[in-house]
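This report looks at how two chains are built and how they meet. Please keep the structure open while reading.

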Amino acid sequence: MAVKTEAAPYLDVFRPNAGEPAWLRDARAKARDAFVARGFPSRRDEAWRFTNLRPLADKPFEPGHGKLELKPGSLPKGAWFASMARTLIEKPEIARRAIGESDLAGGQPFASLNAAMFADGFVLALDEGVTLDPPVEIVHSAGDGSINLRNLIVLAPSSRATIVERYCGEGAYWTNTVTTVSVGAGASLTHVKVQDEGPEAIHFGMVRAALEPAATYRNFGLTLGANLSRQDVQVAHGIGSIVDLAGAYLQRGDQDTTNAVVVDHAAPGATTRELFKGVLDKRSHGAFLGTIRVREGAQKTDAKQTSRALLLSDRASVDTKPELEILADDVKCAHGAAVGDLDKDTLFYLRARGIGIDEARRMLIEAFVLEAFETVEQPELRGHLAARVRVWLEAA
Amino acid sequence: MTDSAQALVSDSYKYGFVTDIDEDRAPPGLNEDVIRFISAKKGEPEWLLEWRLGAFGRWQKMSEPKWANVHFPPIDYQAASYYSAPKQKAAPKSIDDVDPELLRTYEKLGIPLHERKALAGVAVDAVFDSVSVATTFKDKLGELGIIFCSFGEAVREHGDLVQQYLGSVVPQGDNFYAALNSAVFSDGSFVYVPPGVRCPMELSTYFRINAAKTGQFERTLVIADKGAYVSYLEGCTAPQRDENQLHAAVVELVALDDAQIKYSTVQNWYPGDAEGRGGIYNFVTKRGACRGARSKISWTQVETGSAITWKYPGCLLEGDDSVGEFYSVAVTNNRQQADTGTKMIHLGRNTRSTIISKGISAGKGQNTYRGLVRVQPKAVNSRNYTQCDSLLIGQKCGAHTVPYIEVRNPSSRVEHEATTSKISEEQMFYCRSRGLSQEDALSLIVNGFCKEVLKELPMEFAVEAQKLLSVSLEGSVG
């Protein structure tokens, strides 16, 4: 078997856990093979052309440790919210859904690596008709090495939930998460992620969501931390399902972040809304790659994608690639992208009213970013997220 | 589909005829000897032969680009012949010397050479296969110091200019097809407009692929010196073929300080039949350099033909305050595939670019807009506005939009908008209830959709383009 150089160190530390079910050991071995044969993606791969993986390739990470904390609040009957390790023992039939074909067949290499190496993660599963209120929360804090988390969210028909994931830590480490999401017919999920990793960290997060008819999936990602980060969100629509994806990324120093979003309309009558806002200061770099795919027969698709970025410094840069692939004719699809700096007239207006330049800039940046927060319906949660942005702005 | 529509669809390609003329051709295959043969045939100087061989060396190390959204069987580059020239006793001194068979071909194409002077001031440099046969209005242009001639003639008579600018915008090794062209280019057009001169007429070249199994590799070089202005028209029709033909042209434009170049194309190569048999592979590299301050290059294209189009006319906005424009209509019907767009590279301060792209997909056509807007760190205060609209006609076609936006300067503003829609039943009903036929209604709506681009074309071209759009889409609704 051919092993790519950069993948070799990860092959060495691969240790199948003897206590695990046979299907998982088998899956891990296949995923490991897929990863080492493929290696890291390179800039020649279209989906990775804007992501500089050098910080990751420079030195391989030993398996590391993190602390995963689940904050369930009060769980109703018919709700399962537990760690992946516990779910594997107590409800293996659910846990099995966290591994997908593409992990084994050489889809995204880091997802394969994750399948081979993951030690834990979280699982949220709701029975039919169960409503989870208030939101549940998970917090992961990391310290060293590479940490692979495998998460799973399964909503049975007509259930509802809101989940908030928060990632933080200190030191030089690499968090690599894969979250498999399934939203049943008529069910509704609001999925919020706050990436607030330490300044030396690397964070990769991948979400793969499959929607059944009339399901609703809202995903909001706030990206603040890490030296290098990437969020992949891949959604497959059901008939008449609704997807609302939003993201805000605020970067400074020499931070680098990529948002890569693929929404697949294979079923008719589905709706997609995407809104991504970026603020890039100092020498930071941001990238947005968005694909909306409308397959043959996905008539009455209504999809709209917007990406906007603010460059605040001479050395900041942004790359945007909003892509439409359309193979059905009775559709409404649009995308818009814009890059610029703060509007001078608006700044002048604020200053003329006695607001200092720094405060005026903060106000405008905040207003620019907060538009993306509308995806989060709960006002309290939204307020909490906005407060975090304010802290970031004031830290300048 | 209605019977009348069906009848229109099955109309065979209007310009599908083959002119039978003796030709001089290179043996099939591509190697250094073939390149020496081409160069010797054309009586080229040593530096150009070296340049060709250099390009060939690079080409051998390159592989075909695979990233475009087009699919076709592999091309055997060794099976084609890389040179064919109509046989002639001597270079024609006037139109009377030109092979009458050739003249009749042009007549069928609607460009009667003997009426050219009456042709609304359009000078025609007609290219028949690989060698230019006649150039008109030369004297009139000559009075102003404007050079408008075949590429081969330019090499002979204005070698220094050619040597200075050839490959300065599209280098030999720019991409696979450009390298191939650089090695084997046959002929093409050369334009030089001296400082401060406004070219009084639109310069036009009709390209025409003729001999079977002959790829056509034109090379066009247009130079507008300081303060000059030129408008250049390029139109194509090709005879019907069962075999795919490769067309890999290179066009280079250079605009110096305050110069303006307007380059318009109507591309109507044979698109293949309804089942996708035959048709031209149009793999073209077109690029303009706004080298001087306040210079401007404007590309306008109407792409209705070819089985496969791979074409990204771009602008390098090097000079401060320079302007790049790209207006495009691309139509794919039946099994046509088009992957086309533009590149706007902002290098100078206060540079501006505008991109308006209209893609129309019908039948089983696949239409991709692929574009790049890059703002480099020194391009302070640059602006780009991009609008890409797609129109889908039928359930089996595809419309794709792949824009790249790369910004390295905070004072720049880049905007991109794209929409995809179909011809609504309401629009159709409105037109039909006012007595328009299905086809006329379609033509009206499509021309409305493309209006922003068509208005950029010179008048005679705009009329032709409108007709072309209607013809290209005949039978796609119903």
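Chain B holds twelve helices and 24 strands. The model is predicted. Of the 478 residues in chain B, 62% are buried. Contacts in chain B with a separation of 6 or more are mostly long in sequence terms: 84% of them link residues 24 or more positions apart.

**An enclosed strand in chain B**

Strand β17 of chain B covers residues 323–332. Ten of its ten residues are buried, so the strand is largely enclosed by the rest of the structure. Both of its faces are covered. On one side sit B:Val323, B:Glu325, B:Tyr327, B:Val329 and B:Val331, all buried. The other side carries B:Gly324, B:Phe326, B:Ser328, B:Ala330 and B:Thr332, and these are buried too.

β17(B) has paired strands to describe as well. Strand β14 of chain B (residues 296–303) runs parallel to β17(B), and eight bridges join them. In this pairing B:Ile297 stands opposite B:Gly324. Strand β20 of chain B (residues 352–362) also pairs with β17(B) in the parallel sense, over ten bridges. Here B:Ser328 of β17(B) faces B:Ser357 of β20(B) as its opposite residue.

**A buried threonine**

B:Thr309 belongs to strand β15 of chain B, residues 308–311. Is B:Thr309 buried or exposed? Its relative accessibility is 2%, under the 20% cut-off, so B:Thr309 counts as buried. Beyond its neighbours within four places in sequence, B:Thr309 is in contact with B:Val70, B:Gln267, B:Asn282, B:Glu303, B:Gln337, B:Ala338 and B:Asp339.

**Backbone details in loops**

Two residues of chain B have a positive phi although neither is a glycine: B:Asp258 and B:Asn381. The table sets them out.

| Residue | Phi | Loop in chain B | Relative accessible area |
|---|---|---|---|
| B:Asp258 | about 60° | between β11 (250–255) and β12 (260–268) | 37%, partly exposed |
| B:Asn381 | about 60° | between β21 (366–375) and β22 (383–393) | 35%, partly exposed |

Chain A offers a backbone feature of another kind. A cis peptide bond joins A:Asp133 and A:Pro134, with omega about 5°. A:Pro134 lies in the loop between β3 (122–126) and β4 (136–155) of chain A.

**Parallel strands in chain A**

Strand β14 of chain A spans residues 285–294. Nine of its ten residues are buried, so this strand is largely enclosed by the rest of the structure. Strand β12 of chain A (residues 256–265) pairs with β14(A) in the parallel sense over ten bridges. β14(A) is also joined to β16(A) by ten bridges, and these two strands run parallel.

Which residue of β14(A) does A:Ala260 stand opposite? The residue is A:Leu289. A:Leu289 in turn stands opposite A:Lys321 in β16(A).

**Where the chains meet**

β16(A) leads on to the interface. Strand β16 of chain A covers residues 317–326, and six bridges join it to β23(B). These two strands run antiparallel. Within β23(B), B:Ile405 is the bridge partner of A:Thr320.

How many residues of chain B are in contact with chain A? There are 31, and they touch 36 residues of chain A. The size of an interface is often given as the accessible area lost when the parts come together. Chain A and chain B bury about 2,700 Å² between them. Carbon and sulfur atoms account for 47% of that area.

Charged and polar pairs also link the chains. Six salt bridges are counted between chain B and chain A. One of them joins the side chains of A:Asp319 and B:Arg408, at 2.9 Å from N to O. The count of residue pairs in polar contact is 15, with both residues at pLDDT 80 or more.

On the chain B side, the elements that give two or more residues to the contact with chain A are β23 (398–407) and β24 (413–422). The residues on this side of chain B divide into eleven nonpolar, 13 polar and seven charged.

Note on methods. Residues numbered from 1 in each chain as written. Chains lettered and ligands numbered in written order. Predicted model: local features only at pLDDT ≥ 70, side-chain atom pairs only at ≥ 80, totals over all residues. Heavy atoms only, no water. Contact = heavy atoms within 4.5 Å. Buried area = accessible area lost by both parts, 1.4 Å probe. Salt bridge = Lys/Arg side-chain N within 4 Å of Asp/Glu carboxyl O. Polar contact = N/O pair within 3.5 Å; in protein donor to acceptor, adjacent residues only side chain to side chain. Helix = DSSP H or I, 4+ residues; strand = E, 2+ residues; numbered from the N terminus. Nonpolar A, V, L, I, M, F, W, Y, C, P; charged D, E, K, R; others polar. Pairing = 2+ DSSP bridges. Buried < 20%, exposed > 50% of the residue type's maximum accessible area, 1.4 Å probe, protein only.
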